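Hi,

Here is the structure I said I'd pass on, with the sequence alongside. My notes follow below, so have it open while you read.

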Amino acid sequence: MKKIIGFIAIIVIITIAYNIINSGSTQTESVEDIASYKTQIQGIRNDKDQYLKTDKESPIENKNAFRQLPYFAIDPTWRVTATIDKLKSGQKIEIQMTGGETEAYEPYGNATFEIGGKKYALKLFINAEGLLFLPFKDLTSGKETYGAGRYLDLDPQNIKGSQLVIDFNLAYHPYCTYNHTFTCPIPPAENFLPIAIKAGERL
């Protein structure tokens, strides 16, 4: 089984998104700003589809039949500002993999944010690329999205003070969603959100 956290080969595509999601709160954005945001997110999705269809590292087995990934509609309200409580470095947490084994991950900190007036928290980890790895499950998991969860990659350089924008429109499925030869991290129980995150990739 191949081990993989996420779409490592398209980290550059995802990194482009960091400049988009850190442009500010949607509460102060104009209609034109939001339209531009949606256009850029769609461009990122188009680039990912092209990668999956053509790149030799793509997990898609039948590339000739592949057209595009299914997504929830782009909705700026799923872009939230989280407060990051950084943890002491050097800790390790064993995370269950879809292949049955476990792997050690280093926690970075806890991200606390509000959705619909309610507070939620997720644990961030550090991945091999030096980005923040955010695995999570929600009420769409196993129904509208992959049962083992979805991921987000975030740039720690975008933390301003203790604030970081998290954009669930960029949530993606791991390789094991598309190819059984891959094994991927399963979000820990503390990273379950008791709401339906109808944003990002869907089945």
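Start with N191, which in this predicted model touches L122, K123, F125, L134, P135, F136 and K137, leaving aside residues up to four places away in sequence. You'll find N191 in the segment after β10 (182-183). Is N191 buried or exposed? It counts as buried because its relative accessible area is 0%. If you want a sense of how the chain folds back here, N191 and G149 sit 42 residues apart in sequence, yet their C-alpha atoms are 9.6 Å apart in space.

One of those neighbours deserves its own look. A polar atom of the N191 side chain lies 2.8 Å from the backbone nitrogen of K123. K123 itself belongs to strand β6. You might not expect a lysine in this position, but K123 is buried, with a relative accessible area of 8%. And what does the side chain of K123 pair with? It makes a polar contact of 2.9 Å with the side chain of N110. Not counting residues up to four places away in sequence, K123 touches L87, I93, P107, G109, N110, F133, L134, P135, E190 and N191.

Now the cores. The largest nonpolar core has 30 residues, and the ones with the most contacts inside it are F113, I115, I166, F168, L193 and I197. Which elements feed into it? At least two residues each come from α2 (31-54), β2 (79-86), β5 (107-115), β6 (118-126), β7 (132-136), β8 (150-154) and β9 (163-167). β5 gives the largest share, 4 residues. F168 is a handy place to centre your view: beyond residues up to four places away in sequence, F168 touches W78, V80, F113, I115, L122, F136, L152, L193, I197, A199 and G200. There is also a second, separate core of 19 residues, and Y51, L69, F125 and Y175 are among its members.

On to the helix that contributes to the largest core. α2 has 24 residues and spans 35 Å from its first C-alpha to its last, close to the 34 Å expected at 1.5 Å a residue. Its buried residues are Y37, I41, I44, R45, K48, D49, Y51 and L52, so if you colour the helix by burial you can pick those out, using under 20% relative accessible area as the cut-off.

Just past that helix, have a look at I60, in the loop between α2 and β2. I60 is buried, with a relative accessible area of 10%. Its contacts, not counting residues up to four places away in sequence, are L52, F66 and Y178. I60 and N179 are 119 residues apart along the chain, but 6.7 Å separates their C-alpha atoms.

Stepping back to the whole chain: there are 2 helices and 10 strands, and from the N terminus the order is β-α-α-β-β-β-β-β-β-β-β-β. Of the 203 residues, 48% are buried. Among contacts between residues at least 6 apart in sequence, 67% join residues at least 24 apart. The accessible surface is about 9800 Å², with 51% of it belonging to carbon and sulfur atoms.

Last, how far to trust it. The average pLDDT for the chain is 88, and 86% of the residues score at least 70. Among the elements, β5 has the highest mean pLDDT (97) and helix α1 (residues 11-21) the lowest (51). Over residues 23-27 the pLDDT is below 50, and that stretch has 6 contacts in the model beyond near neighbours in sequence. Where pLDDT is low, the predicted coordinates should not be read in detail.

Cheers

Definitions and conventions:
Residues are numbered from 1 along each chain as its sequence is written. This is a predicted model: local features need pLDDT of at least 70, side-chain atom pairs count only at pLDDT 80 or more; totals for chains, interfaces and linings use all residues. Side-chain values use heavy atoms; hydrogens and water are left out. A nonpolar core is a set of buried Ala, Val, Leu, Ile, Met, Phe, Trp, Tyr and Cys residues joined through side-chain atoms within 4.5 Å. Buried means under 20% relative accessible area, exposed over 50%, partly exposed in between (1.4 Å probe, protein chains only). Contact means heavy atoms within 4.5 Å. Accessible areas come from the Shrake-Rupley method with a 1.4 Å probe; for residues, only the protein chains shown count as cover. pLDDT is the predictor's confidence in each residue, from 0 to 100. The expected span of a helix is 1.5 Å times one less than its number of residues. A polar contact is a pair of N or O atoms within 3.5 Å; within protein, one must be able to donate a hydrogen and the other to accept it, and residues adjacent in sequence count only if both atoms are side-chain atoms.
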